[in-house]
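Trainee: Before I rely on labels such as buried, core or cap, I would like to see how each one is justified. Could we go through them one at a time?

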Amino acid sequence: MPKSAVPHAPLAERLRPKSLGEVVGQQHLLGEGMPLRIAFESGQPHSCILWGPPGTGKTTIARLMADAFDAQFISISAVLGGVKDIRDAVEAAQRARDGLQQQRTIVFVDEVHRFNKSQQDAFLPHVESGLFTFIGATTENPSFEVNSALLSRAAVYVLQPLTEADLQQIVGKAQALGAVPPLEPGALSRLVAYADGDARRLLNTLETLAVAAAKEQLGEITDAWLLKVLGERMRRYDKGGEQFYDTISALHKSMRGSDPDAALYWLVRMLDGGADPRYMARRMIRMAAEDIGLADPRALRLALDAAEVYERLGSPEGELALAECIVYLAMAPKSNAVYTAFNEAKAFVRKDGTRPVPMHLRNAPTQLMKDLSYGKGYRYAHDEEGGFAAGENYLPEGMEPPGFYRPVERGLEIRIAEKLRELRALNERKR
């Protein structure tokens with residue numbers, strides 16, 4: 001192939017660090033004595049989840065880990081891949097393990113939260129057997145998006161958006177390669193603000209600028225020229241040191257605080273800053289379940305509807321449904337009673353023993369089970385007065401009523417609380 005036909009390596013690839021010392025940012029993980037640095041120096045790779053916004057170095061760190069341990073590196077995209085890719089990775093890892101050099105394997109799964117439960121579960125036996133080291137990358141909170149079984153076998157490392165100083169350092173590296181002409185201070189500041197902590201966005205924009213500057217034979221990139229070339233894409237982002245998760249936190253707290261104007265402001269800030277509207281829709285579904293709950297069950301349905309409307313219409317039309325949803329959530333009565341009850345129940349079950357299911361609550365599909373008294377004495381609620389078997393016990397023997405669910409005196413939960421008091425009074429009279 002003639003030299004001129006050789007594909008031009010993207011700037012992001014040319015600047016990809018070859019060693020830990022070349023990595024920009026994430027020093028809370030990679031600095032001397034920090035967790036990932038210790039892992040690299042130990043000589044023993046371990047499975048982990050790298051959680052952070054786009055362009056913060058998740059793929060780079062995974063590749064460097066493979067280099068550090070002289071391991072075969074297999075990358076799978078959870079967006080494009082599936083069970084076949086997992087199966088191929090397992091076979092490749094087995095060949096590497098059983099070959100003459102007995103090479104280790106690192107399987108890197110980008111956007112691991114896009115894999116469903118069964119796909120994530122497919123990694124478990126091979127992680128446990130040590131066939132390969134699993135590294136997952138995700139922009140979503142792994143507590144919610146990664147299976148607990150897989151999560152329990154992997155350390156979670158939180159990556160932060162790159163600072164302005166980090167991004168300026170990357171620009172300097174690009175200029176040292178001669179990949180981009182000098183930038184006047186105003187242009188550099190605007191470019192760094194636009195990148196918003198995302199190295200990939202910064203490098204892609206630099207590459208676009210370099211091509212345009214070469215066509216116009218510019219010796220320096222000015223702020224005015226920057227705005228002219230990239231226009232609306234280069235609006236100055238009012239970051240003020242805030243990070244992606246701080247902004248979503250402000251949105252959530254504004255909704256919880258019943259301030260529709262503030263909630264709309266933070267929603268628009270996130271959409272304007274490039275947040276995926278689908279991510280925003282998922283967050284609003286979570287808000288409806290966590291902070292409104294049964295005080296207004298319609299809120300959850302409205303959040304699901306807003307997500308569906310966005311899927312049908314896309315941007316920008318579908319974003320109006322998200323705005324409608326966030327205003328409704330802000331103005332809905334608030335209750336975290338179910339959220340609190342669920343967490344208390346999880347905590348109780350974790351520390352409590354495995355109590356047997358009472359005999360009268362067990363299913364008895366066979367004659368043998370009936371002979372063993374499975375289901376004996378069970379009272380069918382529909383046959384009882386008012387459709388309620390007053391005095392019946394549905395908890396394990398010897399377990400006191402835990403009182404997990406405590407409805408608040410707001411919205412529909414006012415009526416739910418009244419109903420609960422009535423049922424408990426009936427139970428007391430029958431016991």
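Mentor: We will take the labels in turn, bearing in mind that this is a predicted model.

Trainee: What makes threonine 56 count as buried?

Mentor: Its relative accessibility is 4%, and because buried means under 20%, threonine 56 counts as buried. Threonine 56 lies in the loop between β1 (48-51) and α4 (58-68), and, leaving aside its neighbours within four places in sequence, it is in contact with Gln26, Leu159, Gln160, Pro161, Leu162 and Gly197.

Trainee: Why is valine 338 called partly exposed?

Mentor: Valine 338 has a relative accessibility of 36%, and partly exposed is the label between the limits of 20% and 50%, so valine 338 counts as partly exposed. Its place is in helix α19 (residues 337-351), where, apart from neighbours within four places in sequence, valine 338 is in contact with Leu294, Tyr405 and Glu413. The C-alpha atoms of valine 338 and alanine 289 are separated by 8.3 Å, although these residues are 49 residues apart along the chain.

Trainee: How do you know that the span of helix α12 agrees with what is expected?

Mentor: Helix α12 (residues 199-216) has 18 residues and, at 1.5 Å a residue, should span 26 Å; since its end C-alpha atoms are 26 Å apart, the two values agree. The expected span is 1.5 Å times one less than the number of residues.

Trainee: What makes aspartate 198 a cap for α12?

Mentor: A side-chain oxygen of aspartate 198 lies 2.9 Å from the backbone nitrogen of arginine 200, a value to be set against the polar-contact limit of within 3.5 Å, and in this way aspartate 198 caps the N-terminal end of α12. After α12 comes glutamine 217, whose phi is positive, near 55°.

Trainee: Which residues of α12 are buried, and what covers them?

Mentor: The buried residues of α12 are Ala199, Leu202, Leu203, Thr205, Leu206, Leu209, Ala210, Ala212 and Ala213, and their cover includes α1 (11-14), α10 (164-176), α11 (185-195) and α13 (223-230).

Trainee: How do you know that β1 pairs with other strands?

Mentor: Pairing requires at least two bridges, and 4 bridges join β1 to strand β4 (residues 133-138), the two running parallel. β1 also pairs in the parallel sense with strand β5 (residues 155-158), over 4 bridges. Cysteine 48 stands opposite isoleucine 135 in β4, and its bridge partner in β5 is alanine 155. Cys48 and Leu50 point one way from β1, Ile49 and Trp51 point the other way, and all are buried.

Trainee: What makes a group of residues a nonpolar core?

Mentor: The members must be buried residues of the nonpolar kinds, joined through side-chain atoms within 4.5 Å. The largest such core has 28 residues, of which Leu251, Leu267, Met280, Ile326 and Leu329 touch the most other members. At least two residues each come from α14 (244-256), α15 (260-272), α16 (277-292), α17 (298-313) and α18 (319-331), and α16 gives the most, with 7 residues. Leaving aside neighbours within four places in sequence, methionine 280 is in contact with Ile248, Leu251, Leu267, Met270, Leu271, Ala275 and Leu322. Apart from this core lies another, of 26 residues, among them Val24, Leu162, Ala174 and Leu206.

Technical notes. Residues are numbered from 1 along each chain as its sequence is written. This is a predicted model: local features need pLDDT of at least 70, side-chain atom pairs count only at pLDDT 80 or more; totals for chains, interfaces and linings use all residues. Side-chain values use heavy atoms; hydrogens and water are left out. Buried means under 20% relative accessible area, exposed over 50%, partly exposed in between (1.4 Å probe, protein chains only). Contact means heavy atoms within 4.5 Å. A polar contact is a pair of N or O atoms within 3.5 Å; within protein, one must be able to donate a hydrogen and the other to accept it, and residues adjacent in sequence count only if both atoms are side-chain atoms.
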